[in-house]
Amino acid sequence: MTPRARTARMTVSVLAAVSATLLIALAAFFGLQHQTPGQGAGQPTGAGARELGDPDYGVCRGTSPKCYHDWGNFSPATDGYRVLLYTRTAGPRHANLGPALGTGVNPALADTNVVQNALVKMGTENGFTVDWTEDVTQLSTPSRLFRYNAVVFYSTSRDTLDDAAQTSLRQYVRGGGGFVGIHNAFGTEYNWPWYEGLLGGANFYDHGPNQPGTVVVQDRHDSSTSDLPTRWDFTDEWYNLVPAPSKVRLLASVDASTLAEGVTGNQGHPGHGKHHPVAWCQYYDGGRAWLTTLGHDAKAFSADGSFPGAEQFQNLILGGIESAMGKAPFCRAG
């Protein structure tokens, strides 16, 4: 090889090395610019949860009504308003659900089926019908679900849906259906990304002690919060979430400073800092979704004043159900 050729070859090698170094530096720079808090090194610890990733569920979701499909699948003027309450558990079962129910729709209820009895009464007093079931076959086809203006999952757990029910729920929501997820609905269908998105891009991770705290209403314009005081006391498990909700309208949070026993969960989650979400809403894949992590204690449905915040909690979920089924304005902005 001639000296001139060796020099040219060395020049090319140097330029290639410099270019590679620049590309790596640029990639690192832009990667840091787009990191979700907590992904990079050197992040502070003990200052609240760092969100993991930026999940994209491949659907239209957020607070814009443009994500809603008004395809005429519901006729409340002629059919009235009807809700399906689903409480099937395939894992831990909250005591306020009472004993497992029989098959079919509207099986016999015991007095200890507190949630089911309370929501049936709530519907009766507010002009809508509530059917209840823990029979997954009742969710097997979209046509079954389109009988209902909203479907309510209350403290379901783990893999509570089979393939047919998963498909039906997705088609129902895509056809303009309403979904309400309460309390351990966030501990359900962990391995189904579409369902995680339906919850607002959120999943249950753990919770701290069941303890009193103060709920702070963040948006007073929504149908579910417009009649609530700005701050009200309540006792719950105060779920910690991973991921935390995103692209949603935050309706209420818990003031973490009022949790005397702390925010750290039983699996080590450090809490959500200043804005610990407890209720929110969104449009999702053609439908409406209203969500709250509250609702652990059976006493939350009491009416005798013995459980602080019970009246406010019941008004919160009533407004959420009515707005999700289209009986009241949904996810209304300020």
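Lys299 sits in the loop between β12 and α7. In this predicted model, Lys299 has a relative accessible area of 52%, and because the threshold for exposed is over 50%, Lys299 counts as exposed. Leaving out residues up to four places away in sequence, Lys299 touches Phe307 and Ala310. Its C-alpha atom is separated by 9.9 Å from that of Gly309, which is 10 residues away along the chain.

Thr293 also belongs to the loop between β12 (287–292) and α7. Is Thr293 buried or exposed? Thr293 is buried, with a relative accessible area of 1%. Apart from neighbours within four places in sequence, the contacts of Thr293 are His183, Phe186, Asp236, Tyr239, Leu241, Pro277, Val278 and Trp280. Phe186, one of these contacts, is 107 residues from Thr293 in sequence, and the C-alpha atoms of the two are 7.3 Å apart in space.

**A buried strand residue**

Val180 is part of strand β5, which covers residues 178–182. The relative accessible area of Val180 is 0%, so this residue is buried. Once neighbours within four places in sequence are set aside, Val180 is in contact with Val151, Val152, Phe153, Trp290, Gly320, Ile321 and Ala324. Ser323 lies 143 residues from Val180 in sequence, with a C-alpha to C-alpha distance of 9.6 Å.

The table sets out the C-alpha distances given above.

| Residue pair | Separation in sequence | C-alpha to C-alpha distance |
|---|---|---|
| Thr293 and Phe186 | 107 residues | 7.3 Å |
| Val180 and Ser323 | 143 residues | 9.6 Å |
| Lys299 and Gly309 | 10 residues | 9.9 Å |

**The chain as a whole**

The protein chain contains 7 helices and 12 strands. It has 334 residues, of which 50% count as buried. Among contacts in the chain with a separation of 6 or more, 76% are between residues 24 or more positions apart. The chain exposes about 15,200 Å², and 54% of this area is supplied by carbon and sulfur atoms.

The mean pLDDT of the chain is 88, and 84% of the residues reach 70 or more. Over residues 3–46 the pLDDT is below 50, and this stretch has 13 contacts in the model beyond near neighbours in sequence.

**Backbone features around β9**

Trp238 is located in the loop between β8 (231–236) and β9. Trp238 is not a glycine, yet its phi is positive, at about 55 degrees. With a relative accessible area of 3%, Trp238 is buried.

The loop between β9 (239–241) and β10 (249–255) holds Pro243. Which form does the peptide bond from Val242 to Pro243 take? That bond is cis, with omega near -5 degrees. Lys247 is likewise placed in the loop between β9 and β10. For Lys247, a residue other than glycine, phi is positive and near 55 degrees.

**Cavity and pocket**

The count of cavities of 30 Å³ or more comes to 1. The largest cavity has a volume of about 30 Å³. Its lining is made up of Gly208, Pro209, Gln211, Glu237, Trp238, Leu259, Gly262, Val263 and His276. By class, these lining residues divide into 4 nonpolar, 4 polar and 1 charged. Trp238, described above for its positive phi, is one of the residues in this lining.

The largest pocket encloses about 270 Å³ of space. Two elements, α3 (114–126) and α7 (310–324), give two or more residues to its lining. Which element gives the most to that lining? The answer is α3, with 6 residues. The lining as a whole consists of Asn117, Ala118, Lys121, Met122, Glu125, Asn126, Phe301, Ser302, Ala303, Gln314, Asn315 and Leu318. Its classes are 5 nonpolar, 5 polar and 2 charged residues.

Technical notes:
Residues are numbered from 1 along each chain as its sequence is written. This is a predicted model: local features need pLDDT of at least 70, side-chain atom pairs count only at pLDDT 80 or more; totals for chains, interfaces and linings use all residues. Side-chain values use heavy atoms; hydrogens and water are left out. On a 1 Å grid over the protein atoms alone, a cavity is a set of points where a 1.4 Å probe fits but cannot get out, and a pocket is an open set with protein on both sides within 12 Å along at least five of seven lines; lining residues have an atom within 4 Å of a point. Grid points are joined across faces, edges and corners, and a volume is the space filled by probe spheres set on the points. Ala, Val, Leu, Ile, Met, Phe, Trp, Tyr, Cys and Pro count as nonpolar, Asp, Glu, Lys and Arg as charged, and the others, Gly among them, as polar. pLDDT is the predictor's confidence in each residue, from 0 to 100. Contact means heavy atoms within 4.5 Å. Helices (H or I, at least four residues) and strands (E, at least two) are DSSP runs, numbered from the N terminus. Buried means under 20% relative accessible area, exposed over 50%, partly exposed in between (1.4 Å probe, protein chains only). Accessible areas come from the Shrake-Rupley method with a 1.4 Å probe; for residues, only the protein chains shown count as cover.
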